[in-house]
Amino acid sequence: MTLAMDKSSIEQAVQELIRAIGEDSGREGLLKTPRRVAESYEALFSGYSKKPEDVLTVFDGENYDQMIVAKNIEFYSTCEHHMLSFFGKAHIGYIPNTKIIGLSKLPRVVEIFSRRLQNQERLTSQIANALEKLLDAKGVGVVLEAQHLCMMARGVEKQSSTVTTSAQLGLFKKNDKTRSEFLQLIGK
Ligand code: ZN
């Protein structure tokens, strides 16, 4: 999916928003705010213009058939319900079939899906599904732990509450031992 971001429309909308809040969009501190928001959106929503297959280079796994785990991958996303940030850590494990990827590529995959309007459940399964498909892996496990500004800032729940989501595919789903090994490796 490739969407061209319309920065000037974003600027106009933010200016309207500032006025609708009841603020003076002409006061000095707010003058450049629409431009800054539009620019920050370019980063926050950069995931729409990228596909995981473009960043993932796969290697021959040389018969390595054990679990590969990367934990504590930082991510920042934006909740689609309130357009406020949610952020935290992603933990990913997979058991290769014939292909592996450089571990540095896993954060790239997380970033492509997190830099969109998201909910945490979909983000979790999109990461898992993409890895399963691109690697033709025997199993994939993804656990996301995040704090949501929409909960924290509005005081809906305890300030410190963390939301955990999990997607387990293939052997991680079928085999309790595999899943336990993964959870143990990521310290859960
Ligand atoms: Zn929200």
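**Surface, burial and sheet layout**

The accessible surface of the protein chain adds up to about 10,800 Å², and 50% of that belongs to carbon and sulfur atoms (areas from the Shrake-Rupley method with a 1.4 Å probe; for residues, only the protein chains shown count as cover). This is a predicted model, where local features need pLDDT of at least 70, side-chain atom pairs count only at pLDDT 80 or more, and totals for chains, interfaces and linings use all residues. Residues are numbered from 1 along each chain as its sequence is written, and side-chain values use heavy atoms, with hydrogens and water left out.

Of the 188 residues in the protein chain, 39% are buried, meaning under 20% relative accessible area with a 1.4 Å probe, protein chains only. The C-alpha atoms fit a box of roughly 65 × 35 × 20 Å along the principal axes. Take the contacts (heavy atoms within 4.5 Å) between residues at least 6 apart in sequence: 70% of them link residues at least 24 apart.

As for secondary structure, the chain has nine helices and seven strands; these are DSSP runs numbered from the N terminus, with helices (H or I) of at least four residues and strands (E) of at least two. Five strands make up an open sheet in the order 5-2-3-6-7, with mixed pairing. At its edges sit strand 5 (117-118) and strand 7 (163-170), each paired on one side only; two strands pair if DSSP finds at least two bridges between them. Further in, strand 3 (residues 85-95) and strand 6 (residues 139-148) run antiparallel and are joined by 10 bridges. One of the residues involved is His-91, whose bridge partner in strand 6 is Val-143.

Terms used
Buried means under 20% relative accessible area, exposed over 50%, partly exposed in between (1.4 Å probe, protein chains only).
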